[in-house]
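Work through the exercises below with the sequence and the 3D view open. Each task is followed by a solution in steps.

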Amino acid sequence: MFVASAYAQSADAVDETHSETGVAGEAGHEAGFPPFDAATFPSQLLWLAITFGLFYLFLKKVVLPRIGSILEVRRDRIAQDLDQAARMKEEADAAVAAYEQELAEARKRAGAIAQEARDGAKADAEAERRQVEKNLEEKLAAAESRIAEIKKTALGDVSTIAAETAETIVAELVGTKVDKATLDSAVKRAEG
């Protein structure tokens, strides 16, 4: 009920508004939308043509030249940026090529230094080996001469020992003493 009475009051307020402005109650006008009125079409078309022409002139004389200059500035900036990028790319390529060449040269030098170090180490090792072999040969020769002297001394002592032993054995077996010259000749015959 409250909603129905509020709706009725708003409808009365609308009727009063139309009656106060005089729009709803005038007798000479149709109740249509003025732009759809066929009597006003020629003036509307005239104003449309004038407005379109002015808008076209405004676009042609003001807006399009500004847009064109902006596009030209951007085109020039893009061209400069592309040129700069191409130049920087060439510089980067040159730097990469120089780096790779220096790297190859450094590897070559490192290989040469390593080969030189290997050759030097090999030569040093060979010289040291020769020196060690020479020292060993000298020690071996000294040891052989010492062994020969010891052997000679031992062999010289062997004949003396053999002669003494033979003298003792003969004295024990036979019971007589044998002369030394006979024993020495017998030992020399046994050695020889």
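A nonpolar patch, as used in Exercise 2, joins nonpolar side chains (Val, Leu, Ile, Met, Phe, Trp, Tyr) that lie within 5 Å, taken from residues with over 30% relative accessible area and no salt bridge. The model is predicted.

**Exercise 1. The fold**

Task: State how many helices and strands the chain has, and what share of its residues count as buried.

Solution.
Step 1. Count the elements: there are three helices and zero strands. Read from the N terminus, the order is α-α-α.
Step 2. Apply the cut-off for burial, which is under 20% relative accessible area. Of the 192 residues in the chain, 2% meet it.
Step 3. Turn to the surface. The chain exposes about 17000 Å², and 63% of that area comes from carbon and sulfur atoms.

**Exercise 2. A nonpolar patch and a bend**

Task: Name the residues that make the nonpolar surface patch, and find where α2 bends.

Solution.
Step 1. List the patch members: L46, W47, I50, F52, L54, Y56 and L57. Together they make a patch of about 790 Å².
Step 2. Check one member. F52 belongs to helix α2, and its relative accessible area is 59%. F52 therefore counts as exposed, since the cut-off is over 50%.
Step 3. Locate the bend. At L59, α2 bends by about 40°.
Step 4. Look at what comes after the helix. G175 follows α2 and has a positive phi, near 90°.

**Exercise 3. A salt bridge between K89 and D93**

Task: Give the distance between the closest N and O atoms of K89 and D93, and explain why the two residues are about one helical turn apart.

Solution.
Step 1. The closest N and O atoms are 3.1 Å apart. A salt bridge requires a distance within 4 Å, so the pair qualifies.
Step 2. Both residues sit in helix α2, which covers residues 41–174. Because K89 and D93 are four residues apart there, about one helical turn separates them.
Step 3. Recall the general geometry: an α-helix has 3.6 residues a turn, so residues three or four places apart point the same way.
Step 4. Compare with the accessibility classes. K89 is exposed at 53% relative accessible area, while D93 is partly exposed at 41%.

**Exercise 4. A network of salt bridges**

Task: Which residues are linked with E126 in a network of salt bridges?

Solution.
Step 1. Start with E126 and R129, whose side chains form a salt bridge at 2.1 Å, N to O. The two residues are three residues apart in helix α2, about one turn of the helix.
Step 2. Add R130. The closest N and O atoms of R130 and E126 are 3.7 Å apart, and the two residues form a salt bridge. R130 and E126 are separated by about one helical turn because they are four residues apart in helix α2.
Step 3. Complete the network: it links E126, R129, R130 and E133.
Step 4. Assign accessibility. E126 is partly exposed at 27%, R129 is partly exposed at 37%, and R130 is exposed at 53%.
Step 5. Set this against the total, which is five salt bridges in the structure.

**Exercise 5. Where α2 and α3 meet a cavity**

Task: Which residues line the largest cavity, and which elements give two or more residues to its lining?

Solution.
Step 1. Count the cavities of 30 Å³ or more: there is one. The largest cavity holds about 40 Å³ of space.
Step 2. List the lining residues, which are A163, E164, E167, K180, L183 and D184. The elements that contribute two or more residues to this lining are α2 and α3.
Step 3. Follow A163 to another residue. A181, in helix α3 (residues 180–191), is 18 residues from A163 in sequence, and their C-alpha atoms are 9.8 Å apart in space. A181 is exposed, with a relative accessible area of 58%.
Step 4. Take a second pair. A190, also found in helix α3, and S159 are 31 residues apart in sequence and 9.7 Å apart in space, C-alpha to C-alpha. A190 is exposed at 67% relative accessible area.

Note on methods:
Residues numbered from 1 in each chain as written. Predicted model: local features only at pLDDT ≥ 70, side-chain atom pairs only at ≥ 80, totals over all residues. Heavy atoms only, no water. Buried < 20%, exposed > 50% of the residue type's maximum accessible area, 1.4 Å probe, protein only. Bend = angle between axes of the 7 residues up to and from the residue. Patch = residues over 30% accessible without salt bridge, like charges linked within 9 Å, V, L, I, M, F, W, Y side chains within 5 Å. Areas by Shrake-Rupley, 256 points an atom, 1.4 Å probe, with all protein chains shown as cover. 1 Å grid on protein atoms, 1.4 Å probe; cavity = no way out; pocket = protein on both sides within 12 Å on 5 of 7 lines; lining within 4 Å. Points joined across faces, edges and corners; volume = space filled by probe spheres on them.
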